[in-house]
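Work through the exercises below with the sequence and the model side by side. Try each task before reading the solution that follows it.

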Amino acid sequence: MGMVLLIIVATFILAIIMGSVSKKKVKYVYPLLVSVLFIPSIFIYYNESAFIHSIWYLVISFVGLLIGMLIQFLSSRK
């Protein structure tokens, strides 16, 4: 469980960075990409009960992206 928590925190920080730095529209695909890329690791390292973590990755990366976009908006206003 600790490894999953560390990956979630890293995903959150990377989403904030991507949201605040990138000006491309492709950054909106990042939350979906993160959750879909986690699915193969469920079958390799975990059991089927870890599917809920894929949804957590989607939510956490989306929230991080929104925070990063807010930071970008506030810094461009100045």
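**Exercise 1. Determine what share of the chain's contacts with a separation of 6 or more comes from residues 24 or more positions apart, and set this beside the make-up of the chain.**

Taking contact to mean heavy atoms within 4.5 Å, residues 24 or more positions apart account for 67% of the contacts in the chain with a separation of 6 or more. The model is a predicted one, in which local features need pLDDT of at least 70 and side-chain atom pairs count only at pLDDT 80 or more, whereas totals for chains, interfaces and linings use all residues. Residues are numbered from 1 along each chain as its sequence is written, and side-chain values use heavy atoms, with hydrogens and water left out.

Next, list the elements: the chain has three helices and zero strands, where helices (H or I, at least four residues) and strands (E, at least two) are DSSP runs numbered from the N terminus. Their order from the N terminus is α-α-α, and along the principal axes the C-alpha atoms fill a box of roughly 50 × 25 × 15 Å.

**Exercise 2. Test whether the length of α3 agrees or disagrees with the span expected of its 27 residues.**

Begin with the limits of α3, which are residues 51-77. The expected span of a helix is 1.5 Å times one less than its number of residues, so the 27 residues of α3 should span 39 Å. The end C-alpha atoms of α3 are 40 Å apart, which agrees with that expectation.

**Exercise 3. Identify the buried residues of α3 and the helices against which they pack.**

Buried means under 20% relative accessible area, exposed over 50%, and partly exposed in between (1.4 Å probe, protein chains only). By this criterion the buried residues in α3 are H53, S54, Y57, S61, G64, L65, G68 and Q72, and they pack against α1 (2-21) and α2 (30-45).

Now take two of them in turn. L65 counts as buried because its relative accessibility is 2%; leaving aside residues up to four places away in sequence, L65 touches A15, M18, G19, K27, Y28 and P31. The C-alpha atoms of L65 and I17 are 7.9 Å apart, although 48 residues separate them along the chain.

Q72 has 15% relative accessibility and therefore counts as buried. With the same sequence neighbours left out, Q72 touches G19, S20, V21, S22, K23 and K27. The side chain of Q72 also makes a polar contact with that of K27 at 3.2 Å, a polar contact being a pair of N or O atoms within 3.5 Å, of which, within protein, one must be able to donate a hydrogen and the other to accept it, while residues adjacent in sequence count only if both atoms are side-chain atoms.

**Exercise 4. View the packing from T11, and decide whether T11 is buried or exposed.**

T11 belongs to helix α1, and it counts as buried because its relative accessibility is 8%. Apart from residues up to four places away in sequence, T11 touches Y30, V34, Y57 and S61. The C-alpha atoms of T11 and S54, 43 residues apart along the chain, are separated by 12 Å.

**Exercise 5. Find the state of W56, given that buried residues make up 29% of the 78 residues in the chain.**

W56 lies in helix α3, and its relative accessibility of 46% is why it counts as partly exposed.
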